[in-house]
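Q: I would like to learn how to read a model like this one, feature by feature. Where shall we start?

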Amino acid sequence: MGGGLARGPPLAVLAALLWAPLAAGAAALGAAEKSRLRDQVVEMFDHAYGSYMKHAYPADELMPLSCRGRVRGMEPSRGDVDDALGKFSLTLIDTLDTLVVLNKLDEFEDAVRKVVLDVRLDNDVVVSVFETNIRVLGGLLGGHVMADMLKAQGVRLQWYKDELLHLARDLGYRLLPAFNTTSGLPYPRVNLRYGVLSPNSRTGTELDTCTACAGTMILEFAALSRLTQETVFEDTARRALDVLWEKRQKGNDLVGTVINIHNGDWVRRDSGVGAGIDSYYEYLMKAYILLGDDTYLERFNAHYVAIMKYISQPPLLLNVHMHNPTVSIRSWMDSLLAFFPGLQVLRGDLKPAIETHEMLYQVTKQHKFLPEAFTSDFAVYWAQHPLRPEFAESTYFLYKATRDPYYLQVGKSIVESLNEYARVACGFAAVQDVRTGRHEDRMDSFFLAEMFKYLYLLFTEKRDLPLDIDDYIFTTEAHLLPLSLSTARPPCPRNVTMFRRGHGEEEIFTRSCPSAQTLFPNNPTFTRTIRDAHKQLLQPGAERRALFRLETLEILKSMGMTLLPLGDRSVQLTGIRHKQEASPLGLFSLKFITELVDPPAGEQPGISPLAVQVISPPFFGRVVLTAGPAQFGMDLTKQEHGVKGSLVLSEPYQACAAISNRKEVQGKMALAQRGECMFAAKARNLQEAGASGVIFIDNAEGSCSEEMVLFQMVGDGSTGDIVIPLVFLFQKEGQVLLDALSQHRNVDVLLATKPMFLGEEKTDQLLSASQLHEAATETRTRMVTSAPDQA
């Protein structure tokens, strides 16, 4: 992004960003098929918007299962989710500029009339400052910009006299009281009629807000200032950004997730690119593009370097502690980070954008939709899917940048999933559980504001749009603000970033527009080569190898090395010595025949399962659980009679730190949960504590050997010191042992290659893990319901 564009419209920025050589095979999705998909998107929009207008308007949102409107106070409270509702016809306002993009100009004019005549903002309702800003203020501004454009063409809306802008100004002043704090960071909620500090406001007692909540105001507030010539809005939003920048961790340029609005102390110090922080980064980059102020770009670049250094573990993006960022603090990701590949496209950093997007696509294909959260090995963590548009957004930006028809196919899959799994009689319903497909009576306004806009633009030729889309920037709610606003006001001279020029190395796109030749260096298959390295993440068995893949890559990353997959099933290992050394380590190739590159079809070695048999009373060997082996530790296939031991729960359960219950573990068979560190690290900790063996239990809820592909645990490259037996159980099998241990003082097990039957026991008396789990659950339920009342 060129610094010379700071005071003028940065049109060259978008032009350079969105141009790239035509990828090979671009005709894979023909013009007729693209046109069909575009028309299908329009029909889906008509179904959703028409259902809202028929069954819900003037309510804020549609309840698609009940076929009625959701009115604040008339339905059971959903907590913070309801803070987006302000009795201001939210969905209609949020949809205004989508109507124009989809060339529904008659419907747009009718919608503008309805907003002007029916919407009132003087409501005694407490609303979210963040949601009201991005959805309602952004929707009014986007609608005004579209109405002004159409009026100027001399055909439509000749009656329009900036009514939407007047409403936007009214709303802006209703939001301003939220910024009346000692720090300048806004309260998270405001009463539309009474503000924050009034006795009637029913708010103003909050102590903190999220980083995104405070840092996602500048586009809408600056646009309002520049359209009304009232600078108070832009100045207020700018001050909030200044505080967040000042409160970053200055040693690494990371920010936390939640901050105290009065003293600026961090309340939650986890740092990532998903929920709680996401659009703060987005608005720094887009504020530079829209407003032309270098300050925002410099701040974004500083944060971006930190993200790629600490949070990015391609293709994953894992949260870290802002004060100790070398270790990931959680092993799951939330779906809001799906916007980040699109933001990386705007910066011109396509390789990690392609990698993360491909991972998200594989997860989406596995679960039909992107779960609200998923683990680092791609299992469901939170099962909801409220029809979020972020994945479609990144798909659109990647297609715009690369013209690779692959992303049209991705968009097609989104359309098909929405129609097959979310469409109902009165619109589209959120998915409460992606595993079961159960619906939720909810259709958020952002579904109409964003999802259909991005899908329509994906399948539509630029010449068929009623506006030049490259003359606008998308807000985080996909509202359109004109780039010409950059000339409406010079940069503020007081807004200075203390940017350390010598801090780190500037990257190729830090100060210049991305070059298509650099992004695609004489290689039209560039994007496919990157994607192919991540397509096997969720193949059968691969979901249970993904964590090893991540752990191995992290070990190499800590050594300054990176693996680059080659087309001949080999990998290239690149290493860089310490920066003070003059020469690089060099390049060399390794043939991988284990986990990082799958062996050719038909050559996958079979994995022989092991058995965990519960032999103590009252089980007497009747409970046998299927277990996975390890590539290190004692070889159980050479133990004719297996290895016996009494169970004990490791403390800490994940065994990634020193074992605190060493006395109890001594000579026992320890149970430890998978996750947070490598199997080898857990095994060493428990062996050092005196354990006679370890049974690892999966951390993916509901996993079971009857449904999952068995896998073999691998070490860290130097596991010769580990000599105790190690086995792995999926979660349902592991729960059987945990239940047994909670109900019986002593539980003895046998680890062996096959079960040993005692006395006259027969194999047909054995129960599956699911049967055992159900029986144990039923037993616990009976115990609870029959227990005497406690004083």
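A: Let's begin with confidence. Over residues 540-548 the pLDDT stays under 50, and the model has 30 contacts beyond four places in sequence for that stretch. Keep in mind that this is a predicted model.

Q: What is the mean pLDDT of the chain, and which other stretch is below 50?
A: The chain has a mean pLDDT of 83, with 78% of its residues at 70 or more. Residues 1-27 have a pLDDT below 50, and beyond near neighbours in sequence this stretch has 81 contacts in the model.

Q: Now the sheets, please. What is the strand order of the open sheet that includes S14?
A: The order is S13-S14-S15, an open sheet of three strands with antiparallel pairing. Strand S13 (332-334) and strand S15 (380-382) each have a single partner strand, so one side of each is left without a neighbour in the sheet. From one strand to the next, the twist averages 30°. Strand S14 (residues 373-375) pairs with S15 over two bridges, and Ala373 stands opposite Trp382 in S15.

Q: And which strands are at the edges of the sheet S5-S6-S7?
A: This is an open sheet of three strands, with antiparallel pairing. Its edge strands are S5 (208-210) and S7 (266-268), each pairing on one side only. Neighbouring strands here are turned by 35° against each other on average, direction ignored. Two bridges join strand S6 (residues 258-260) to S7, and Ile259 has Trp266 in S7 as its bridge partner.

Q: How many aromatic pairs are there?
A: The count comes to 30. Take Phe45 and Phe452: they are edge-to-face, 5.8 Å centre to centre with 80° between the planes. Phe45 lies in helix H2 (residues 31-55) and Phe452 in helix H16 (residues 445-459), so the pair ties together parts that are 407 residues apart in sequence.

Q: Are those two rings buried or exposed?
A: Phe45 is buried, at 0% relative accessibility, and Phe452 is buried with a relative accessible area of 0%. Ring pairs also link Phe45, Tyr49, Phe428, Phe447 and Phe452 into a cluster.

Q: What about charges over rings: which ring does Lys368 sit over, and which does Arg531?
A: The charged end of Lys368 sits over the ring of Tyr421, 5.3 Å from its centre. Arg531 lies over the face of Tyr407, 5.4 Å from the ring centre.

Definitions and conventions:
Residues are numbered from 1 along each chain as its sequence is written. This is a predicted model: local features need pLDDT of at least 70, side-chain atom pairs count only at pLDDT 80 or more; totals for chains, interfaces and linings use all residues. Side-chain values use heavy atoms; hydrogens and water are left out. Two strands pair if DSSP finds at least two bridges between them. Helices (H or I, at least four residues) and strands (E, at least two) are DSSP runs, numbered from the N terminus. Axes are lines fitted to C-alpha atoms, for helices over the stretch in contact, and angles run from 0 to 180 degrees between N-to-C directions. pLDDT is the predictor's confidence in each residue, from 0 to 100. Contact means heavy atoms within 4.5 Å. Rings of Phe, Tyr and Trp (its six-membered ring) pair if their centres lie within 6.5 Å; planes under 30 degrees apart count as stacked, over 60 as edge-to-face and the rest as tilted. Buried means under 20% relative accessible area, exposed over 50%, partly exposed in between (1.4 Å probe, protein chains only). A charge sits over a ring if NZ of Lys or CZ of Arg is within 6 Å of the ring centre and within 35 degrees of the ring normal.
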